[in-house]
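Reader: Could you walk me through how to read a few features of a structure like this one?
Author: Happily! Let's take them one at a time.

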Amino acid sequence: MKLSRPVSVFLLAFGVWSVFIWTTFVKNLFEDVSGLAFDAAGDPTAYFWVHLTLAVTSFGLGVAIGVIGLRGLLAARRAS
């Protein structure tokens, strides 16, 4: 399957954006002082674990999508 250059650029940009957003989210999750992520004793709550799982999964999917976009761009460059 061949990806067009605009689609490859979009996928790569989406991957970079996703990695940036979810990395920032995890950083903020660990620094949470509102009481949602950690209870009074400092132990992680269910909110923390659910959102950490969501972030790790989304980060992984963002990397995979970005790799697909990068490979599409490299293939388009070799073809031209």
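Reader: Is tryptophan 17 buried or exposed, and what decides it?
Author: The idea is to look at the relative accessible area: over 50% counts as exposed. In this predicted model, tryptophan 17 has a relative accessible area of 53%, so it is exposed. You will find tryptophan 17 in helix H1, which covers residues 5–30.

Reader: Which residues make a nonpolar surface patch with Trp17?
Author: Trp17 shares the patch with Phe20 and Ile21, and together they make about 330 Å² of nonpolar surface.

Reader: How should I read lysine 27, then: buried, partly exposed or exposed?
Author: Values between 20% and 50% are called partly exposed. Lysine 27 has a relative accessible area of 47%, so it is partly exposed. Lysine 27 also lies in helix H1. To get a feeling for distance along the chain, take alanine 13, which is 14 residues apart from lysine 27: their C-alpha atoms are separated by 21 Å.

Reader: And serine 58, is that buried or exposed?
Author: Here the cut-off to remember is under 20% for buried. Serine 58 has 16% relative accessibility, so it counts as buried. Serine 58 sits in helix H2, residues 46–79. Leaving aside residues up to four places away in sequence, serine 58 touches Ser18 and Trp22.

Reader: Which residues make up the largest nonpolar core?
Author: A core is built from buried nonpolar residues whose side chains are joined. The largest one here has 5 residues: Leu29, Ala37, Phe38, Phe48 and Leu52. Look at alanine 37 in particular: again leaving aside residues up to four places away in sequence, alanine 37 touches Leu29, Asp32, Asp43, Pro44, Thr45, Tyr47 and Phe48.

Reader: Now for the whole protein. How many helices and strands are there?
Author: The protein has 2 helices and 0 strands. Its radius of gyration is 17 Å, well over the 12 Å that the globule rule gives for 80 residues, so the protein is more spread out than a compact globule. The C-alpha trace fits that reading, spanning about 60 × 15 × 15 Å along its principal axes.

Reader: What share of the residues counts as buried?
Author: Of the 80 residues, 24% do. The accessible surface comes to about 5800 Å², and 72% of that belongs to carbon and sulfur atoms.

Reader: What part of the contacts joins residues 24 or more positions apart?
Author: Among contacts with a separation of 6 or more, such pairs account for 58%.

Key
Residues numbered from 1 in each chain as written. Predicted model: local features only at pLDDT ≥ 70, side-chain atom pairs only at ≥ 80, totals over all residues. Heavy atoms only, no water. Patch = residues over 30% accessible without salt bridge, like charges linked within 9 Å, V, L, I, M, F, W, Y side chains within 5 Å. Areas by Shrake-Rupley, 256 points an atom, 1.4 Å probe, with all protein chains shown as cover. Salt bridge = Lys/Arg side-chain N within 4 Å of Asp/Glu carboxyl O. Helix = DSSP H or I, 4+ residues; strand = E, 2+ residues; numbered from the N terminus. Buried < 20%, exposed > 50% of the residue type's maximum accessible area, 1.4 Å probe, protein only. Rg over C-alpha atoms; globule rule 2.2 N^0.38 Å. Contact = heavy atoms within 4.5 Å. Core = buried A, V, L, I, M, F, W, Y, C linked by side-chain atoms within 4.5 Å.
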